[in-house]
Amino acid sequence: MKKKLQKYLSGEHEGFSLVELIIVIAIMAILIGIVALAVIPYLNKSKESKDLSTLDTVASALTTAVAQTKITGSGDFVYGSASTTTDQKVENAMKTALGSSTPTLGSNAATAANAEIHCKYDATNNVIIAYAGATAGTAVLSGYDNETGYAANLTKTAGGTALAVGN
């Protein structure tokens, strides 16, 4: 017993003490927290960029669909649930242009607002807009000022922040 006590008191023991392990874990937790705070805004911007890319693809498909179907009127419908015959005709042409992929939104702004992809067209005035909105005619506002050129009411502005893409 005396040898064990002398070995312990002389500092020749192996391993780490509980206090040392707790200090290391606390330092690691602080570092992980700092890194997470630095990375989260970039993840949100990445999701928003992906949404804008998705809307751009939908707007291109909408442009193609309106041209192919030779529609002369106007419409504003949610992609995937067009209600009028004309809108269904345009939507079917869009689905053909988009192929098997189903466009979805994933940014925080779109998710928080329960936004859906809206397709607005006016063949007479040559207007094609795809936007993320919970209601027709109002686009979701982004917290990151993505500079799309559209305001929430879908009017063109110099530095708009609505999640919308169009001509």
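N114 lies in the loop that runs between helix 4 (108–112) and strand 2, and in this predicted model the backbone of N114 has a positive phi of about 55° although the residue is not a glycine. With a relative accessible area of 61%, N114 is exposed, because a residue counts as exposed when its relative accessible area is over 50%. A second residue can be read beside it: K70, which lies in the loop between helix 2 and strand 1 (74–78), has a phi near 55°, again a positive value in a residue other than glycine. K70 is exposed, with a relative accessible area of 68%.

With these two loops located, the order of the elements can be followed along the chain. The secondary structure comes to 4 helices and 4 strands, and, read along the sequence, these elements follow the pattern α-α-β-α-α-β-β-β. Of the 167 residues in the chain, 32% are buried. When contacts between residues at least 6 apart in sequence are considered, 53% of them join residues that are at least 24 apart. The accessible surface of the chain comes to about 10500 Å², and 61% of that surface belongs to carbon and sulfur atoms.

On the surface there is a nonpolar patch formed by V19, I23, I27, I30, L31 and I34, which together have about 590 Å² of accessible area. One member of this patch, I34, has its place in helix 2 (residues 18–69), and I34 is exposed, with a relative accessible area of 53%.

The strands come next, and strand 3 (residues 127–133) is a useful place to begin. Is this strand enclosed or open to the outside? Since 6 of its 7 residues are buried, strand 3 is largely enclosed by the rest of the structure. Strand 2 (residues 116–122) pairs with strand 3 in the antiparallel sense over 7 bridges, and one of the partnerships between them joins E116 to G133 in strand 3. The two strands form a hairpin with 4 residues between them, and in that turn N126 has a positive phi of about 55°. Strand 3 also pairs with strand 4 (residues 164–166), in the antiparallel sense and over 3 bridges, where Y131 stands opposite A164 in strand 4. Strand 3 therefore has pairing partners in strand 2 and in strand 4, while 6 of its 7 residues are buried. In a regular strand, the side chains alternate between the two faces of the sheet.

The last feature to follow concerns aromatic rings. A pair of such rings is described by the distance of the centres and the angle of the planes. How many aromatic pairs does a search of the whole structure find? The search finds 1 aromatic pair, formed by F77 and Y121, whose rings are 6.3 Å apart from centre to centre with 70° between the planes, an arrangement that is edge-to-face. The pair links distant parts of the chain, since F77 belongs to strand 1 and Y121 to strand 2, and the two residues are 44 residues apart. Are these two residues buried or exposed? F77 is buried, with a relative accessible area of 4%, and Y121 also counts as buried, at 1% relative accessibility, because both values fall under the 20% cut-off for a buried residue.

How values were computed. Residues are numbered from 1 along each chain as its sequence is written. This is a predicted model: local features need pLDDT of at least 70, side-chain atom pairs count only at pLDDT 80 or more; totals for chains, interfaces and linings use all residues. Side-chain values use heavy atoms; hydrogens and water are left out. Buried means under 20% relative accessible area, exposed over 50%, partly exposed in between (1.4 Å probe, protein chains only). Contact means heavy atoms within 4.5 Å. Accessible areas come from the Shrake-Rupley method with a 1.4 Å probe; for residues, only the protein chains shown count as cover. Patches are made of residues with over 30% relative accessible area and no salt bridge: like charges are joined within 9 Å, nonpolar side chains (Val, Leu, Ile, Met, Phe, Trp, Tyr) within 5 Å. A salt bridge is a side-chain nitrogen of Lys or Arg within 4 Å of a carboxyl oxygen of Asp or Glu. Two strands pair if DSSP finds at least two bridges between them. Rings of Phe, Tyr and Trp (its six-membered ring) pair if their centres lie within 6.5 Å; planes under 30 degrees apart count as stacked, over 60 as edge-to-face and the rest as tilted.
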